[in-house]
Amino acid sequence: MDEIEINRREIINLINKEFNSFNKKNVIFFDTKEILKQHKDKVLFIDECCHLSQLGTQIISENLNKILITNE
């Protein structure tokens with residue numbers, strides 16, 4: 001992993017930490033990193049950045065749907 005990739009991951013982790021600490025009524029933080037961590041990156045993304053594959057998109061959409069149904 002190169003230095004740029006390490007820095008990118010650190011920035012993403014910092015942003016996610018801030019989002020997690022944001023606690024306001026009627027706000028849902030949808031942590032895709034937590035959902036995707038049980039899978040291998042190579043099947044979830046089409047590149048080294050952040051663009052989801054068809055499988056990655058399906059996993060996220062199924063989990064988002066569960067949250068929306070639960071919070072109706």
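What follows is a chat between a biologist and a modeller about one predicted model.

Biologist: Before we start, what kind of model is this, and how are residues numbered?

Modeller: It's a predicted model, where local features need pLDDT of at least 70, side-chain atom pairs count only at pLDDT 80 or more, and totals for chains, interfaces and linings use all residues. Residues are numbered from 1 along each chain as its sequence is written, and side-chain values use heavy atoms, with hydrogens and water left out.

Biologist: OK, how many helices and strands are in the chain?

Modeller: Four helices and zero strands, so the pattern along the sequence reads α-α-α-α. Helices (H or I, at least four residues) and strands (E, at least two) are DSSP runs, numbered from the N terminus.

Biologist: And what does the C-alpha trace span along its principal axes?

Modeller: About 40 × 30 × 15 Å.

Biologist: How much of the chain is buried?

Modeller: Buried residues make up 14% of the 72 residues. Buried means under 20% relative accessible area, exposed is over 50%, and partly exposed is in between (1.4 Å probe, protein chains only).

Biologist: Switching to pockets: what volume does the largest pocket have?

Modeller: About 760 Å³. On a 1 Å grid over the protein atoms alone, a pocket is an open set of points where a 1.4 Å probe fits, with protein on both sides within 12 Å along at least five of seven lines; lining residues have an atom within 4 Å of a point. Grid points are joined across faces, edges and corners, and the volume is the space filled by probe spheres set on the points.

Biologist: Which lining residues are closest to its centre?

Modeller: Of the 24 that line the largest pocket, they are Arg-9, Ile-12, Asp-41, Phe-45 and Cys-49.

Biologist: Which helix gives the most to that lining?

Modeller: Helix 1, with six residues. Helix 1 (3-21), helix 2 (32-36) and helix 3 (41-44) each supply at least two.

Biologist: What's the lining like by class?

Modeller: Eleven nonpolar, three polar and ten charged residues. Here Ala, Val, Leu, Ile, Met, Phe, Trp, Tyr, Cys and Pro count as nonpolar, Asp, Glu, Lys and Arg as charged, and the others, Gly among them, as polar.

Biologist: Back to Ile-12, where does it lie?

Modeller: Ile-12 is in helix 1. It counts as partly exposed because its relative accessibility is 39%. Its C-alpha atom is 9.6 Å from that of Lys-33, 21 residues apart along the chain.

Biologist: And where is Cys-49?

Modeller: Cys-49 sits in the loop between helix 3 and helix 4 (54-70). With 37% relative accessibility, Cys-49 is partly exposed. Cys-49 and Thr-70 are 21 residues apart in sequence, and 31 Å apart C-alpha to C-alpha.

Biologist: New topic: which residues form a nonpolar patch on the surface?

Modeller: Ile-11, Ile-15 and Phe-19, with about 290 Å² of accessible area together. Patches are made of residues with over 30% relative accessible area and no salt bridge, where like charges are joined within 9 Å and nonpolar side chains (Val, Leu, Ile, Met, Phe, Trp, Tyr) within 5 Å. Accessible areas come from the Shrake-Rupley method with a 1.4 Å probe, and for residues only the protein chains shown count as cover.

Biologist: You mentioned salt bridges; how many does a search of the whole structure find?

Modeller: One. The side chains of Lys-37 and Glu-34 meet in it, at 3.0 Å, N to O. A salt bridge is a side-chain nitrogen of Lys or Arg within 4 Å of a carboxyl oxygen of Asp or Glu.

Biologist: Are those two exposed or partly exposed?

Modeller: Lys-37 is exposed, at 59% relative accessible area, while Glu-34 is partly exposed, at 44%.
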